[in-house]
Amino acid sequence: MATLAAAISAGPAAPAPPLAAAAAAGSPPCGSSSAADERQALFSRIAPVYDHLNDVLSLGQHRTWKRICVSWSRARRGDRVLDLCCGSGDLAFLLSQKVGLDGQVMAVDFSSQQLQTAASRQDQRWKPCYKNIKWIEGDALDLPFTDCYFDAVTVGYGLRNVVDKPKAMREILRVLKPGSRASILDFNKSSSLFTTSLQSWMIDNVVVPLASGYGLTEEYKYLKSSILHYLTEKELEELAKEAGFSAAKHYELGGGLMGDLVATR
């Protein structure tokens, strides 16, 4: 059986062509404060149906976007890697297969409900390499790891929900080894009126109505406002460079509905 670790204290290639446009739910928020506590509770409520809704709402495309995110992290066999704001574990499972039994995956989230879901999925979808995953309840703003600890970092649908994004980026930089990459996948806050209008229409007319069938109308209405208050492509690149990354490039995915920030320490 998988073990769920308690919180511990501190002590690319060219972008792929656009994919079919579709929407998917975001991952649980990370970071402390009352605002983060409210978001944590929100995502804990959707944990039981989170994966099913992701598949339905994105027509399965979220799996492709996540594989791209992991690929662009340049995680390799034997690496020690971090999946931050891991949610129910999709990126952690992909990373586990990348780094193999000689590697190690630290999967961090501050939602214990999501971590329990991830550990349960680990048991149900068991592969020998999954023994290299450790589930950790922790804070993206105060990571419980020493400096220069990881060979790669991924964040899937999590940075958008972090309360203090500059501090989170500085923490990611701190725990990365020099020359290593962070690959950060999330909804894209496009500068295109057509894309933003399509994104908004899909949330209002597809995502929220479907979520309402599970009694999660208000929870998924949050998605629209979180994208509205997220950062643009250029702002994300500037955020990474201001945190200290030597290079940062944001790539659009899914016809511009999604994006992946690749930042090199």
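# Reasons behind the terms

Reader: What makes the approach of Asp164 to Lys167 at the start of α6 a polar contact?

Author: In this predicted model, a side-chain oxygen of Asp164 comes to within 3.2 Å of the backbone nitrogen of Lys167. A polar contact requires a pair of N or O atoms within 3.5 Å, so this pair qualifies.

Reader: Which residues of helix α6 are buried, and what covers them?

Author: Within α6, residues 165-175, the buried ones are Lys165, Ala168, Met169, Glu171, Ile172, Leu173 and Val175. Their cover includes the strands β2, β5, β6 and β8 as well as helix α9.

Reader: Why is Val155 called buried?

Author: Val155 lies in strand β5. Its relative accessibility is 2%, and buried means under 20%, so Val155 counts as buried.

Reader: Which residues is Val155 in contact with, leaving aside its neighbours within four places in sequence?

Author: Among them are Cys69, Asp83, Leu91, Ile172 of helix α6 and Ile184. The C-alpha atoms of Val155 and Asp186 are separated by 8.2 Å, although these residues stand 31 places apart along the chain.

Reader: How many residues has the largest nonpolar core, and which have the most contacts inside it?

Author: This core has 40 residues, and those with the most contacts inside it are Val81, Val105, Ile133, Trp135, Leu253 and Met258. A second, separate core of 33 residues includes Leu141, Leu159, Val162 and Ala243. In soluble globular proteins, nonpolar side chains tend to be buried together.

Reader: How much of the chain counts as buried?

Author: Of its 265 residues, 55% count as buried.

Terms used. Residues are numbered from 1 along each chain as its sequence is written. This is a predicted model: local features need pLDDT of at least 70, side-chain atom pairs count only at pLDDT 80 or more; totals for chains, interfaces and linings use all residues. Side-chain values use heavy atoms; hydrogens and water are left out. Buried means under 20% relative accessible area, exposed over 50%, partly exposed in between (1.4 Å probe, protein chains only). Helices (H or I, at least four residues) and strands (E, at least two) are DSSP runs, numbered from the N terminus. Contact means heavy atoms within 4.5 Å. A polar contact is a pair of N or O atoms within 3.5 Å; within protein, one must be able to donate a hydrogen and the other to accept it, and residues adjacent in sequence count only if both atoms are side-chain atoms. A nonpolar core is a set of buried Ala, Val, Leu, Ile, Met, Phe, Trp, Tyr and Cys residues joined through side-chain atoms within 4.5 Å.
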